[in-house]
Amino acid sequence: MPHPLPRHWIGAALLLVGIAIYGRDLYQLASGMATDPVVGRAFSGGMLAAMATALGTLPVLFARPLSARTQAAMLGFGAGVMLAATAFSLVLPGLDAAREIWNDPWIAGGVMAIGILAGGGALLWLDGRLPHEHFLNGTDGVDTEALARVWLFVFAIALHNLPEGLAIGVAAAKDGAGAAALAMGIAIQDIPEGLVVALALRGAGYRAGTAALVGAASGLVEPVAAVLGASLIQVSAVALPWGLALAAGAMLLVVSHEIIPESHRSGHEGAASKGLLIGFCVMMLLDTALA
């Protein structure tokens, strides 16, 4: 008599089937409606990031929990990737676009500085007003008691992924190479992020299948946000440097407010810092190669 399949194999199969169906449906939607090449680039980049998040959750179905040191190194790596992506795929192209419009380096730098501060400040304000949970350190915001814990996690992760998707869309409006580099960098960062999120859910008491499904679903906001960002930027050329600056500020805030503190929380600052340096260099090389 054949042995029944283990539950984790069944869960993995269902997750992969769901990812494939969702990806197919979104691809068909994009083919039929998003004929604009800029929107198409944004959608493709957002889908790459979403699929990377889903891929990162799969090991939770099979592997034992990672050590605190490994998790810190992975979070540091993700922070380094996002810092490099912000610098090379958002700030520098934004400065170039601003100089082309105003033909003055001081105005270009001022626009980017104001936009970065506004983007980070807006996300920080939102962070304090909306009920959510950080990755590992519990609840924050207001009126959290009325929400189920699982939806707090989902909302927190979606809030974290929103600026990444917007950044992909804004970069897609600038040029294809820069958008590809940024999307690749965010996707690389999303793989360990997806795993860390799934492990956090697992540690909070959720089953492995639930943790993987919720973690995978958290990335679905990125293609939507990418298409939205690209569509808004196309309204006016002046909006491009502002959009790049706002996205850069939001990304910097996410790294500073969420990822780096979590990478240091377990006491493995050295591993986290090494991961950050490696992640920054990997993304820098990718940006240079794809530019």
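The protein chain holds 10 helices and two strands, where helices (H or I, at least four residues) and strands (E, at least two) are DSSP runs numbered from the N terminus. Read along the sequence, these elements follow the pattern α-α-α-α-β-β-α-α-α-α-α-α. The model is predicted, so local features need pLDDT of at least 70 and side-chain atom pairs count only at pLDDT 80 or more, while totals for chains, interfaces and linings use all residues. Residues are numbered from 1 along each chain as its sequence is written, and side-chain values use heavy atoms, with hydrogens and water left out.

**The chain as a whole**

Of the 291 residues in the protein chain, 46% are buried; buried means under 20% relative accessible area, exposed means over 50%, and partly exposed lies in between, with a 1.4 Å probe and protein chains only. The accessible surface comes to about 13,600 Å², and 70% of this surface belongs to carbon and sulfur atoms; the areas come from the Shrake-Rupley method with a 1.4 Å probe, and for residues only the protein chains shown count as cover. Among contacts between residues at least 6 apart in sequence, 82% join residues at least 24 apart, a contact being heavy atoms within 4.5 Å.

An unreviewed UniProt entry places the feature "transmembrane region" at residues 7–23, 43–62, 74–94, 106–126, 147–173, 179–201, 213–233 and 239–260; UniProt positions are given in the numbering used here, feature names are shortened, and annotations may be inferred rather than shown by experiment. In the model, residues 74–94 are 100% helix and 0% strand, with end C-alpha atoms 29 Å apart. Residues 213–233 are 90% helix and 0% strand, and their end C-alpha atoms lie 32 Å apart.

**Helices α3 and α9**

Helix α3, which covers residues 68–102, has 35 residues and reaches 49 Å from its first C-alpha to its last, close to the 51 Å expected at 1.5 Å a residue; the expected span is 1.5 Å times one less than the number of residues. The helix α3 has a kink of about 30°, centred on Thr-86, where the bend at a residue is the angle between axes fitted to the seven residues ending there and the seven starting there. Helix α9 has 26 residues that should span 38 Å at 1.5 Å a residue, and its end C-alpha atoms are 36 Å apart, which agrees. In α9 there is a kink of about 35°, centred on Val-255.

Just after α3, Asn-103 takes a positive phi of about 55°, although Asn-103 is not a glycine. Most residues other than glycine have a negative phi. Asn-103 sits in the loop between α3 and α4 (105–129), and at 70% relative accessibility Asn-103 counts as exposed.

**Nonpolar cores**

A nonpolar core is a set of buried Ala, Val, Leu, Ile, Met, Phe, Trp, Tyr and Cys residues joined through side-chain atoms within 4.5 Å. The largest one has 36 residues, and those with the most contacts inside it are Leu-90, Leu-182 and Met-251. The elements that give two or more residues to this core are α2 (37–57), α3, α5 (149–174), α6 (176–203), α8 (221–233) and α9 (239–264), and α9 gives the most, with 10 residues. Another core, of seven residues, lies apart from it and includes Val-60, Ala-198, Ala-208 and Ala-212.

Leaving aside neighbours within four places in sequence, Leu-90 is in contact with Ala-85, Met-112, Ala-167, Leu-182, Leu-244, Ala-247, Ala-248 and Met-251.

**Residues in α2, α3 and α10**

The table gives the relative accessible area of some single residues.

| Residue | Helix | Relative accessible area |
|---|---|---|
| Thr-53 | α2 | 1%, buried |
| Thr-70 | α3 | 34%, partly exposed |
| Gly-76 | α3 | 1%, buried |
| Thr-288 | α10 (residues 269–290) | 57%, exposed |

With neighbours within four places in sequence left aside, Thr-53 is in contact with Asp-190, Gly-194, Gly-215, Ser-218, Gly-219 and Glu-222. On the same basis, Gly-76 is in contact with Ser-263, Ala-272, Gly-275 and Leu-276. Gly-76 and Ala-272 are 196 residues apart in sequence and 4.3 Å apart in space, C-alpha to C-alpha. Thr-70 and Ala-272 are 202 residues apart in sequence, with 8.6 Å between their C-alpha atoms. For Thr-288 and Ala-181, the separation is 107 residues in sequence and 8.4 Å in space, C-alpha to C-alpha.
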